[in-house]
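Work through the exercises below with the structure open beside you. Try each task before reading its solution.

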Amino acid sequence: MKAAVVPALGAPLEIRDVPVPVAGPGQVLVKIEASGLCHTDIHAARGDWPVKPKIPLIPGHEGVGRVVALGEGVERVAVGDRVALPWLGYACGYCRYCVMGWETYCTSPAYMGYTMDGSYAEYAVGNASHVVKVPDGISSFDAAPLTCAGVTTYKAIKVGRATPGETAAVIGIGGLGHLGLQYAKIFGATTVAIDVEDDKLQLAKDLGADHVIDARGDQAAGLEALGGIDLALVTVPSPAAMQAAHAALNPNGRLVIVGLPADNRLELPVFETVLKGISVIGSLVGTRNDLEDVFDLHAQGRTRVVAETRRLEDVNACFDEVLAGRVPARLVFEFSG
Ligand code: NAD
Ligand code: ZN
Ligand code: ZN
């Protein structure tokens with residue numbers, strides 16, 4: 001099968017012909033129809049984070065396709081089912097975090113396209129326990145970005161407790177942020193969209209943002225004029241963007257950090273955090289339940305996925321496009337035949 005492979009950290013991806021993987025016990029083999037490009041895949045290929053991925057690596061954790069083979073003992077999923085292969089490739093189901101409903105913080109997890117091979121390929125293997133069925137009404141093209149960008153920002157808005165009467169800022173209107181903005185609206189908040197690209201600011205307006213701020217200008221003054229913000233969802237992998245969002249928070253404000261910069265340090269003022277009772281919250285993807293909610297909202301027509309198709313062969317150029325911030329808003333590799 002054709003796959004995009006990271007041969008070494010920091011090296012360009014290579015399109016290779018590799019064996020179709022085999023579904024082991026409890027696993028399913030999925031013929032991929034669409035696979036989104038998450039900024040995380042770029043961090044993975046570059047080895048940006050303290051914990052490194054497997055090498056060689058087939059990235060991809062927004063894969064969607066049909067189950068074509070079952071490993072031993074699989075009952076939850078059948079051949080022919082259309083499923084999503086999210087970042088959380090496995091969680092034990094027994095540790096205290098799994099039992100509490102926080103399987104994303106499982107003590108022995110596997111991550112698709114990071115600790116196990118992902119969906120930048122014609123076929124991928126997932127654990128039957130952690131694939132999520134895609135409702136018939138949703139195209140694979142739309143389901144792919146929802147599988148990470150959607151579920152991650154849905155969960156972030158939930159843990160950030162967006163409510164009507166409050167103002168939520170979404171910083172970075174890329175793959176994640178364009179969906180986060182829509183969830184903030186669904187949860188009833190007044191929304192502020194912040195980016196540094198004209199196209200992204202226009203996209204935010206098209207998606208119904210109540211206010212739009214260009215971070216190349218005076219973001220602090222812009223937010224102050226709006227009366228500050230109560231919730232900030234920072235998708236930009238930039239400590240400076242996180243600091244700027246923190247500085248604009250009102251008393252009882254929540255800074256929800258989702259972007260994962262290679263520069264793994266964030267300096268925040270203690271005094272303002274304490275005097276304003278500000279919460280700083282990290283948030284990692286979402287559970288299978290959260291992804292089902294995300295698919296349900298999309299099937300109801302309450303969210304819109306903004307994405308463009310690309311060929312897997314162009315993966316390195318696609319990484320450059322994302323890094324330049326020129327993508328509206330997600331790229332999706334589509335597989336035919
Ligand atoms: P993306 O590149 O599609 O979006 C980033 C957006 O930020 C772009 O629109 C860009 O124009 C904008 N931007 C850049 N600098 C800015 C600034 N200073 N102020 C405002 N906007 C700015 O990336 P993505 O796929 O949405 O991923 C974003 C980050 O989230 C990555 O670091 C990724 O690894 C991380 N991520 C985290 C999780 C999680 O579970 N926590 C899940 C998925 C992705
Ligand atoms: Zn992702
Ligand atoms: Zn667990």
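## Exercises on a two-domain model

Domain 1 and domain 2 bury about 1,600 Å² between them, and 60% of that area is on carbon and sulfur atoms. The model is predicted.

**Exercise 1. State how the protein chain is divided into domains, and how far apart the domain centres are.**

Step 1. Mark domain 1, which covers 2-148 + 286-334.
Step 2. Mark domain 2, which covers 161-282.
Step 3. Take the centres of domain 1 and domain 2 over C-alpha atoms: they are 27 Å apart.
Step 4. Now list who takes part in the contact: domain 1 gives 22 residues and domain 2 gives 19 residues.

**Exercise 2. Find how many salt bridges and how many residue pairs in polar contact there are between domain 1 and domain 2.**

Step 1. Count the salt bridges between domain 1 and domain 2: there is one.
Step 2. Identify the partners, glutamate 197 and arginine 326. Their closest N and O atoms are 3.4 Å apart. The cut-off for a salt bridge is 4 Å, so this pair passes.
Step 3. Count the polar contacts between the two domains: eight residue pairs, with both residues at pLDDT 80 or more.
Step 4. Turn to the side of domain 1 that touches domain 2. The elements giving two or more residues to this side are helix H1 (39-46), helix H3 (140-159) and helix H9 (288-299).
Step 5. Sort the residues of this side by type: 13 are nonpolar, four are polar and five are charged.

**Exercise 3. Describe the overall build of the protein chain: how many helices and strands does it have, and how compact is it?**

Step 1. Count the secondary structure of the protein chain: 10 helices and 17 strands.
Step 2. Compare the radius of gyration with the globule rule. The protein chain has 19 Å, close to the 20 Å that the rule gives for 337 residues, so it is as compact as a globular protein of that length.
Step 3. Add the span of the C-alpha trace along its principal axes, about 60 × 40 × 40 Å.

**Exercise 4. Locate the backbone oddities: where do isoleucine 55 and proline 328 lead into cis peptide bonds, and where do asparagine 252 and valine 285 lie?**

Step 1. Recall the background: most residues other than glycine have a negative phi, and most peptide bonds are trans.
Step 2. Check the bond between isoleucine 55 and proline 56. This bond is cis, with omega about -5 degrees. Proline 56 sits in the loop between H1 and strand S4 (63-70).
Step 3. Check the bond from proline 328 to alanine 329. This one is also cis, with omega near -25 degrees. Alanine 329 is in the loop between helix H10 (315-323) and strand S17 (330-334).
Step 4. Look at asparagine 252. Its phi is positive, about 70 degrees. Asparagine 252 is placed in strand S14 (residues 249-257).
Step 5. Look at valine 285. Its phi is positive too, near 30 degrees. Valine 285 lies in the loop between strand S15 (279-282) and H9.

**Exercise 5. Which distant parts of the chain does the pair of lysine 133 and aspartate 81 link?**

Step 1. Start from the total: the structure holds 16 salt bridges.
Step 2. Pick out lysine 133 with aspartate 81, whose closest N and O atoms are 3.7 Å apart.
Step 3. Place both ends. Lysine 133 is in strand S9 (residues 132-133), and aspartate 81 is in the loop between S4 and strand S5 (82-85). The two are 52 residues apart.

Definitions and conventions: Residues are numbered from 1 along each chain as its sequence is written. Chains are lettered from A and ligands numbered from 1 in the order in which they are written. This is a predicted model: local features need pLDDT of at least 70, side-chain atom pairs count only at pLDDT 80 or more; totals for chains, interfaces and linings use all residues. Side-chain values use heavy atoms; hydrogens and water are left out. Domain bounds come from an automatic or database domain assignment. Contact means heavy atoms within 4.5 Å. Buried area is the accessible area (1.4 Å probe) that two parts lose on being put together, summed over both. A salt bridge is a side-chain nitrogen of Lys or Arg within 4 Å of a carboxyl oxygen of Asp or Glu. A polar contact is a pair of N or O atoms within 3.5 Å; within protein, one must be able to donate a hydrogen and the other to accept it, and residues adjacent in sequence count only if both atoms are side-chain atoms. Helices (H or I, at least four residues) and strands (E, at least two) are DSSP runs, numbered from the N terminus. Ala, Val, Leu, Ile, Met, Phe, Trp, Tyr, Cys and Pro count as nonpolar, Asp, Glu, Lys and Arg as charged, and the others, Gly among them, as polar. The radius of gyration is taken over C-alpha atoms; the globule rule is 2.2 Å times the number of residues to the power 0.38.
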